[in-house]
Amino acid sequence: MDGSISARGKAFAAQKPTFLDVLSDLWAPKSNPDGIVNIGLAENALMHAEMESFINSNSQIDAHALTYGDGFSGSHRLKEAICHFLNSQLSPWTALCPSHLAITSGVSNAVECCAWGLAEFGDYILVGRPYFNAFKTTFGTRPGVELLEVAFAEIDPFSLAAVEQYEKAYSEAKSKGFRVKALLLCTPHNPLGRCYPRNVLREYMKFCNKNGLHLISDEIYALSVWENPRLPNAPGFTSVLSMDVKEVMDPSMVHVDFGATGLRIGCLLSQSNRLLLDAADGISLYNFPSSLADHVATSLLLDDKFTSVYIATNRYRLAESYQFATDFLKSHQISYVECNAAFFVWMNLGAAVKDRAATDKEITAKLRKEKVYIAAGTAYAAEEAGWFRMVFAHPRNVLEEGLNRMLRAIQS
């Protein structure tokens, strides 16, 4: 039976995401009370009603959507809609136009296009720890590009001092003969939920310019920044698109990823590197977004009134939900890192679990026994054991159920 598929097929099978088992048995208070409460997957469920209503009211299509449309990398109308929306929301230094972008079927596809277009098999991309776990598979599984992890120890990863850690990691890698092609930043950060200040972004640009590196900025959570009274001076979001890049580095070396996960629409933005976008078009058959998703996203992004209310409401609900989740953690002496963006709480269950010697794997087993899914920090290259990423962007009843099951798990 083992000979029925290829060696690489077996390797891919071994990488099957564990959360797929979670999705097949999701908790529902009435229809599936014994199911798994999912507060670990990066989803925002706080705005589902509004989005569902909008989609159901704007799903009329014409025959053009039943064809190959305008090509494999997004319709002309969607590209124009994205430019309209992002020019308003991100205030780019140079206004975006359709020739600056390629559309994919999700942000991971957009990131993978960077891997294919900027690096060769065996090359390296610099990324700070912890980082979004899917980066490893997005860069590595098909393109064969490695991640060069940067550790910070006690240094704030969003500070100017952190740039020096990248310098050290790059120098060491270069001395070993590694080919490093780019620096990858996730801002707002997944899983830490913070934004890089403008002056720190500028230093990263200088670092990239000095060493001939591309800068890839993953900005998928750009519009999910909210007020946290406990962090009154926390930096808000700054897009690299809003900066005068040419003062610091070659603009053709700066690339941005954006998108909407649930709609399966991603976007690769590169204002001064047409060749990279042509490379993305060259593999666009494998990243072809759905015509229906294309249509819905276009309608959404052109509706200024809806998007304005939606973004404001989302920010309010995220702040409210974060407050509830962190109040719970505080009341049970579970330490966590304060944040003001995206929808993650980086918390230390290892310091709160009854058996302080428990490994991440053992804590995860306890959580699964109580049927609650929370992602272990080991998957995110955490520098210390015991840290977990919890997603708080859920309705109150889901959060309450999940947090209470989590508490039972660590107290057992």
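**Exercise 1. Find the loop that holds Ala-381, and decide whether this residue is buried or exposed.**

Solution. Start with the place: Ala-381 sits in the loop between β12 and β13. Strands here are DSSP runs of E with at least two residues, helices are runs of H or I with at least four, and both are numbered from the N terminus. Next, look at the backbone: Ala-381 has a positive phi of about 60° although it is not a glycine. Last, check the cover. Buried means under 20% relative accessible area, exposed over 50%, and partly exposed in between, with a 1.4 Å probe and protein chains only. Ala-381 has a relative accessible area of 10%, so it is buried.

A word on the model before you go on: it is predicted, so local features need pLDDT of at least 70 and side-chain atom pairs count only at pLDDT 80 or more, while totals for chains, interfaces and linings use all residues. Residues are numbered from 1 along each chain as its sequence is written, and side-chain values use heavy atoms, with hydrogens and water left out.

**Exercise 2. Work out which strands pair with β13, and which way its side chains point.**

Solution. Two strands pair if DSSP finds at least two bridges between them. First, β10 (residues 344-348) and β13 (residues 387-391) are antiparallel, with 5 bridges; one pair is Asn-348 with Trp-387. Then take β12 (residues 375-376), which is joined to β13 by 2 bridges, again antiparallel. Here Ala-375 faces Arg-389. Now the side chains: in a regular strand they alternate between the two faces of the sheet. From β13, Trp-387, Arg-389 and Val-391 point one way, and Phe-388 and Met-390 the other way. Both groups are buried, which covers 5 of the 5 residues of β13.

**Exercise 3. Put the 7 strands of the open sheet in order and find its edges.**

Solution. Read across the sheet: β2-β8-β7-β6-β5-β3-β4, with mixed pairing. The edges are β2 (101-104) and β4 (146-150); each has a single partner strand, so one side of each is left without a neighbour in the sheet. Neighbouring strands are turned by 25° against each other on average, direction ignored. Angles are taken between axes, which are lines fitted to C-alpha atoms (for helices over the stretch in contact), and run from 0 to 180 degrees between N-to-C directions. Inside the sheet, β5 (residues 180-186) runs parallel to β6 (residues 214-218), joined by 5 bridges. In β6, His-214 is the bridge partner of Ala-182.

**Exercise 4. Check the length of α11 and say how α10 meets it.**

Solution. The expected span of a helix is 1.5 Å times one less than its number of residues. For the 28 residues of α11 (residues 304-331) that gives 40 Å, and the end C-alpha atoms are 41 Å apart, which agrees. Next, the axes of α10 (residues 291-302) and α11 come within 5 Å and cross at roughly 85°. That makes the two helices roughly perpendicular (65 to 115 degrees; under 35 is roughly parallel, over 145 roughly antiparallel, the rest oblique). Contact means heavy atoms within 4.5 Å, and the residues that make it are Leu-300, Leu-301 and Leu-302 of α10 with Asp-304, Phe-306 and Thr-307 of α11. Finally, just after α11, Gln-333 has a positive phi of about 55°. Gln-333 counts as exposed, at 65% relative accessibility.
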